[in-house]
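Please read the points below alongside the sequence and the model, taking them one at a time. They are meant for a colleague who is meeting this structure without earlier acquaintance.

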Amino acid sequence: MIFNLKTTPRETVKKSDLTTLRASGMIPAVIYGSKMDCLPISVNKGEFNQMFKKSFEEVSFWDIDCDGKQFHTILKDKQVHPVSREILHLDFMVIAAETQIEIEVPINYTGESMGVKEGGMMEIVQRHIKISCKANEVPDELTLDVSNLKIGDSLHIRDIPTGNWQVKEHGDVTLVTIHPPKAEVSETTTPVSTPEEQSTPNTEK
């Protein structure tokens, strides 16, 4: 997914300038790359947040327009306020088509497992995976078929399909597993004796 984001050059100098900028509904950001100086910019917060929410499910690129100049980027980092969770700062990195990058891509689990059909429960442990590949060869997602999983079976990172990418996580990490159904609670309960019932009855002599 590619988002088109219009930005403006930023000329803030003091910390108070950034505070004023944020109060006006803008997010301070930078664009940087291997063959350019770091470029300070301002991003409209409302516009960015709408796009950012849509970026969770797919690999996303950001085509940024700044004063007529175009930059093909990825969102490399973001600074978030620890309390309000407002985004305070953004880092966009310019990428060329042949650039080797590390990026997280979503995992698309397909099929209905045999174990689920038998009453088991599927637990998805991980929904994204970090890979390394050329910027122009980033897959939108990686697909993993769970149809053949029985109760007790799991799939791991080593089961991810191969392609023009290198997985950057350990192969033994579990991605999805099929748990057995929860044991039914027996409706038969053992009667609990009352104190009176537990006491030894008096016997007449």
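1. A residue is called buried here when its relative accessible area is under 20%, exposed when that area is over 50%, and partly exposed in between. Leucine 90, with a relative accessible area of 0%, is therefore buried, since the cut-off for that word is under 20%. Please keep in mind throughout that the model is a predicted one.

2. Leucine 90 has its place in strand β6, a strand that spans residues 87-94. Lysine 78 is twelve residues away from leucine 90 in sequence, and the C-alpha atoms of these two residues are 4.5 Å apart in space.

3. Histidine 89 is also placed in strand β6. Is histidine 89 buried or exposed? With a relative accessibility of 19%, histidine 89 counts as buried, because the cut-off is under 20%. Its partner in space is proline 28: although 61 residues separate histidine 89 from proline 28 in sequence, their C-alpha atoms are 5.3 Å apart.

4. Two backbone angles deserve a look, given that most residues other than glycine have a negative phi. Aspartate 67 has a positive phi, near 55°, and lies in the loop that runs between β4 (61-66) and β5 (69-80). Aspartate 67 has a relative accessible area of 65%, and so it is exposed.

5. The second of these angles belongs to arginine 85, where phi is positive and near 65°. Arginine 85 is found in the loop between β5 and β6, and with a relative accessible area of 56% arginine 85 is exposed.

6. On the surface, a negative patch is formed by Glu57, Glu58, Asp140 and Glu141. Where does glutamate 141 lie? Glutamate 141 is found in the loop between β9, which covers residues 128-134, and β10, which covers residues 142-145. The relative accessible area of glutamate 141 is 37%, so this residue is partly exposed, and because membership of a patch requires over 30% relative accessible area, glutamate 141 meets that part of the criterion.

7. How many disulfides does the structure hold? The number of disulfides is zero. Cysteine 38 is partly exposed, at a relative accessible area of 49%, whereas cysteine 133 counts as buried, at a relative accessibility of 1%.

Notes. Residues numbered from 1 in each chain as written. Predicted model: local features only at pLDDT ≥ 70, side-chain atom pairs only at ≥ 80, totals over all residues. Heavy atoms only, no water. Patch = residues over 30% accessible without salt bridge, like charges linked within 9 Å, V, L, I, M, F, W, Y side chains within 5 Å. Areas by Shrake-Rupley, 256 points an atom, 1.4 Å probe, with all protein chains shown as cover. Salt bridge = Lys/Arg side-chain N within 4 Å of Asp/Glu carboxyl O. Lys, Arg positive; Asp, Glu negative; His and termini not counted. Charge placed at Lys NZ, Arg CZ, Asp CG, Glu CD. Helix = DSSP H or I, 4+ residues; strand = E, 2+ residues; numbered from the N terminus. Buried < 20%, exposed > 50% of the residue type's maximum accessible area, 1.4 Å probe, protein only. Disulfide = S-S within 2.5 Å.
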